[in-house]
Amino acid sequence: AVVAGVCGQPIRHSMSPVIHNAWIAAAGLNAAYVPFAPGEDNFEAFVEGLRGGAIRGLNVTIPFKEQALACADRCSDLAKLAGAANLLVFEADGTITADNTDGPGLLDAIAVQAPGFDLTVSSVVVLGAGGAARGAAAALALAGAPRVSIVNRTFARAEAIARSIGGVVEAASDDELDVLLAQAGLVINATSLGLGGGPGPAARLELTPETAVVVDMVYKPLRTEFLRRAEAAGRRTVDGLEMLLRQAVPSFEAFFGSAPPAGVDVRALALAQL
Ligand code: ATR
């Protein structure tokens with residue numbers, strides 16, 4: 001059997017096993033997808049032990065995505081720019097290849113839930129400057145966004161991302177936010193605000209152009225306060241659950257060599273886990 005898995009700490013609430021095993025079953029593959037939770041200090045040793053071995057690949061989640069990139073022998077341009085990998089493939093020759101499918105997951109989720117949206121003519125405002133924000137900024141820059149402005153409570157973290165990605169990515173202060181929102185085609189919550197049901201970022205979404213698209217990476221709850229405010233202002237929205245589902249697609253292909261089978265309602269399966 002081909003074995004793949006997901007590695008994080010904690011891993012109990014990960015939806016990836018549900019998603020991948022549903023696809024495995026529907027495709028009739030001789031395969032399995034299992035959760036792993038190495039200790040916070042043991043990730044590198046855990047991955048090293050898998051070289052050339054029994055496992056085809058791993059998805060990697062919090063808090064190991066940066067370490068995953070560091071463990072790899074080669075990586076995609078996007079993983080390098082994002083400074084993080086959520087996908088490791090263990091090659092037969094003992095080497096490890098790293099990729100980042102979170103960025104493509106974001107772009108694909110936008111394509112599904114906001115069809116027709118044109119990133120190449122849309123200024124982007126990213127709220128937050130953690131790993132999720134950095135991955136999003138990298139993917140948006142590579143995909144051709146004309147301007148990606150990062151606004152964060154701790155300005156120095158936004159500056160660090162702008163410095164490391166460069167190009168169209170810039171750090172912006174809270175004072176500039178209203179002006180940036182008025183020009184934004186895309187606004188993304190990449191902070192942890194709203195997780196568990198509280199208020200999201202206080203950004204005045206009603207200032208955005210009517211055609212703007214609003215994304216929340218938080219998916220618990222599915223309809224966050226941030227997305228509800230965007231909807232109330234009449235904006236199209238993209239939810240974090242769709243991003244999660246979309247990042248799983250290229251991972252499945254990398255592990256099992258074929259696209260996920262059609263006809264599996266993974267969104268409903270994942271919703272039942274929320
Ligand atoms: P991840 O790697 O998942 O993106 P993270 O590195 O913990 O997570 O980043 C969380 C983000 O949410 C950060 O941008 C954080 O702001 P700081 O960099 O200033 O810490 C933001 N965040 C969390 N709680 C916040 C709050 N109460 N107000 C504003 N921003 C908050």
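## Ground rules

A residue is near a molecule if its C-beta atom, placed from the backbone, lies within 6 Å of it. This is a predicted model, where local features need pLDDT of at least 70 and side-chain atom pairs count only at pLDDT 80 or more, while totals for chains, interfaces and linings use all residues. Residues are numbered from 1 along each chain as its sequence is written.

## Around the ligand

Let's start with the ligand: 15 residues surround it, and G130, G131, R153, T154 and T191 come nearest. Helix α6 (residues 131-142) gives the largest share of this shell, 3 residues; helices (H or I, at least four residues) and strands (E, at least two) are DSSP runs, numbered from the N terminus.

By residue class, the shell holds 6 nonpolar, 7 polar and 2 charged residues. Here Ala, Val, Leu, Ile, Met, Phe, Trp, Tyr, Cys and Pro count as nonpolar, Asp, Glu, Lys and Arg as charged, and the others, Gly among them, as polar.

## Two domains and their contact

The protein chain is assigned domain 1 (2-100 + 244-273) and domain 2 (103-238), with bounds that come from an automatic or database domain assignment. Their C-alpha centres are 25 Å apart. Domain 1 brings 14 residues to the contact and domain 2 brings 15, where two residues are in contact if their C-beta atoms, placed from the backbone, lie within 7 Å.

On the side of domain 1 that touches domain 2, α3 (65-71), α4 (77-82) and α10 (240-256) each supply at least two residues. That side comprises 7 nonpolar, 3 polar and 4 charged residues.

## Two residues from the record

An unreviewed UniProt entry places the feature "binding site" at S14, M15, S16, T61, N86, D102, Y219 and Q247. UniProt positions are given in the numbering used here, feature names are shortened, and annotations may be inferred rather than shown by experiment.

Y219 sits in the loop between β11 (213-216) and α9 (225-232). Y219 is buried because 22 other C-beta atoms lie within 10 Å; the cut-offs are 20 or more for buried, 12 or fewer for exposed, and partly exposed in between. Beyond its neighbours within four places in sequence, Y219 contacts D239, G240, L241 and L244.

Q247 belongs to helix α10 and also counts as buried, with 24 C-beta neighbours inside 10 Å. Setting aside neighbours within four places in sequence, Q247 touches N86, T101, D102, P104 and G105. Of these, N86 and D102 are listed under "binding site" by UniProt too.

## Cis peptide bonds

Most peptide bonds are trans. The bond from Q9 to P10 is cis, with omega near 5°, and P10 lies in the loop between β1 (2-7) and α1 (16-27). The bond from I62 to P63 is cis as well, with omega near 5°; P63 is found in the loop between β3 (55-60) and α3.
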